[in-house]
Amino acid sequence: MQLALVIDPGKCTSCKQCEMACAYEKEQTFNPAKSRIRIFDFHEEARFVPYTCTQCDEAWCQQACPVNAITTDHASGVKIVHDNLCVGCKVCTIACPFGTINYNADTGKVIKCDLCGGDPACAKACPTDAITYSDVEQSGFEKMKAWAAKTDAAAQS
Amino acid sequence: MHYLVLGAGPAGVTAAETLRKHDKTAKITLLGGEPEPPYSRMAIPYYLIEKVGEDGTYLRQQENHYQDHGIDYVHGTAAALQGKAKRIKLTDGSEIQFDKLLICTGASPITPPVPGLDRDGVYNCWTLEDARHIARLAQKGEPVVLMGAGFIGSIILESLALKGVNLTVVEMGDRMVPRMLDETAGVMLQQWCENKGVRVMTKTMISEVTDGPEGLTVHTKDGDKLDAKLLVVAAGVQPNIGFLASSGVEIEHGILVDHYMRTSVPDVYAAGDVCQATDFSTQKAEMLAIQPVAVEHGRIAAQNMAGKVTPHEGSLNMNVLESMGLITASFGLWMGVEGGDSAKMVDLENNRYLRLEFDGNKLVGGQAVGLTEHVGILRGLIQTELDLGPWKDKLLKSPERLPEAYIAVSHGII
């Protein structure tokens, strides 16, 4: 069983607790702009979509990295940026078709969701279970990955 | 089975690893032309500013990585390919026999026909060895001239500027990075660099390099004389194909390959900067000399070599560049297509710019200055060819809503 962030936009109320929790966990600030998960608000349609890295199997960011600074934790599948190796070239930020690995000018490194080492703060903070940390087999996660694969069929083979 | 991979850049290393993944028993030889562990040219600018040491430029960080994967990493330079005999002759006179060959010998800097470029103090910035010389000469306050403000020149420009040299850049074109940025973005970048103390000379060229009080005097065709301790030449690159003369491998600008990365010679494949393969946007054979494309080529070529048939659908041209804090990126057909629509958000005051190019309801290209959040979405939208539906009109009015458009369209919120 592999745990992953499972997102159900239908349950999201856009309370932004996840953004606050992430920013505090990762950057020690209650500034949602520093969060690695973001809620997209579609007010007219009354739809809210939490959005973050899906930890792709064959991750574009990882493959594009010229210095091996992004590795996979084989137990959890999570893709981790190693700050000591990241040179800040940003190639991963243009290679990721989801735009979920981003450059942090303050540190000169890139940042992405790392599932908080297996205890994601966003999922804990979500009051409506729109974000849960659960078994990926029971989710639409695979479907999302399949959709992702359209950007580069070969990367998934 | 013996796979020979010529060239130990990103394409070669990825290919060797991919071959091992799909063929546990074959012999795999990775031939590198430089006396270094396989490293990434992309990382050299960061070595120059001492953000990382030399080992920080290595493509793989695990000790014994190549041995552990059963990859023989050997040093040598190809002199000739004998395709029928399945043999590579090396410059030291030795020969290597192969069953299948991957050519990923990359590219080398062009030295323009300018008198004096053979002087001491003139360097390319291409290899780790070049970088060691530049690191030695580019000391704080020293006068340095950079020839070329293309993509590579502009990446080096940032490193030289951050080292605190007194920097002048001379670019032949009418703006910086003309092949990656439009006029608005190129001029924005130039003003930014000038505000940071870099002298940028466009529409002129270096005509001669002579001795000078600092070591060198760099002359421009307009009569300017620039004293310099160091001249860095970044005038473009050309594929390393010299050893293929009379090999029968078909070449246009680079090695021509089919959708399976095969050259015109049986059992000989090519990948990376040396090859001319399908561009996603034009579906024509183009030279896309960028790291992610080299990796993609290497992986796909290796899969095909190992019998796992994988067509190459085309790689997307894209680039990202930082210049002393200003980040620019471009994707696909950023200059637009005939009959297509264009949307621009220009914020000169805050150095922000976003240009989107559409063909019908699809995004086909774009460029961004000073905007980095979710920038990869440009790639995602271009390469998935998503129909933007009503979001196209919203983007024509407000291009900066691009991330929203992507999420909305991919979640069926239209």
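## Domains 1 and 3 of chain B

Let's start with charge pairing: between domain 1 of chain B and domain 3 of chain B, the salt bridge count is zero. Keep in mind that this is a predicted model. The domain assignment of chain B places domain 1 at 2–108 + 237–305 and domain 3 at 325–410, with domain 2 covering 122–233.

What, then, do domains 1 and 3 of chain B bury between them? About 360 Å², with carbon and sulfur atoms accounting for 65% of that area. On the domain 1 side, B:Phe280, B:Ser281 and B:Glu296 lose the most area to domain 3 of chain B, and together they make up 92% of what that side buries. The C-alpha centres of these two domains of chain B are 33 Å apart. Their contact draws on four residues from domain 1 of chain B and seven residues from domain 3 of chain B.

## The second largest pocket

Now for a site you may want to look at on screen: the second largest pocket holds about 830 Å³ of space. Its lining has 24 residues, dividing into 12 polar, six charged and six nonpolar. Which of the lining residues lie nearest the centre of this pocket? They are A:Glu58, A:Gln62 and A:Gln63, along with B:Glu17 and B:Arg60.

Several secondary structure elements each supply at least two residues of this lining. From chain A come helix H2 (60–64) and strand S4 (70–72), while chain B brings helix H1 (10–22) and helix H7 (291–305). H1(B) gives the most to the lining of the second largest pocket, namely five residues.

Definitions and conventions:
Residues numbered from 1 in each chain as written. Chains lettered and ligands numbered in written order. Predicted model: local features only at pLDDT ≥ 70, side-chain atom pairs only at ≥ 80, totals over all residues. Heavy atoms only, no water. 1 Å grid on protein atoms, 1.4 Å probe; cavity = no way out; pocket = protein on both sides within 12 Å on 5 of 7 lines; lining within 4 Å. Points joined across faces, edges and corners; volume = space filled by probe spheres on them. Helix = DSSP H or I, 4+ residues; strand = E, 2+ residues; numbered from the N terminus. Nonpolar A, V, L, I, M, F, W, Y, C, P; charged D, E, K, R; others polar. Domains from an automatic or database assignment. Contact = heavy atoms within 4.5 Å. Buried area = accessible area lost by both parts, 1.4 Å probe. Salt bridge = Lys/Arg side-chain N within 4 Å of Asp/Glu carboxyl O.
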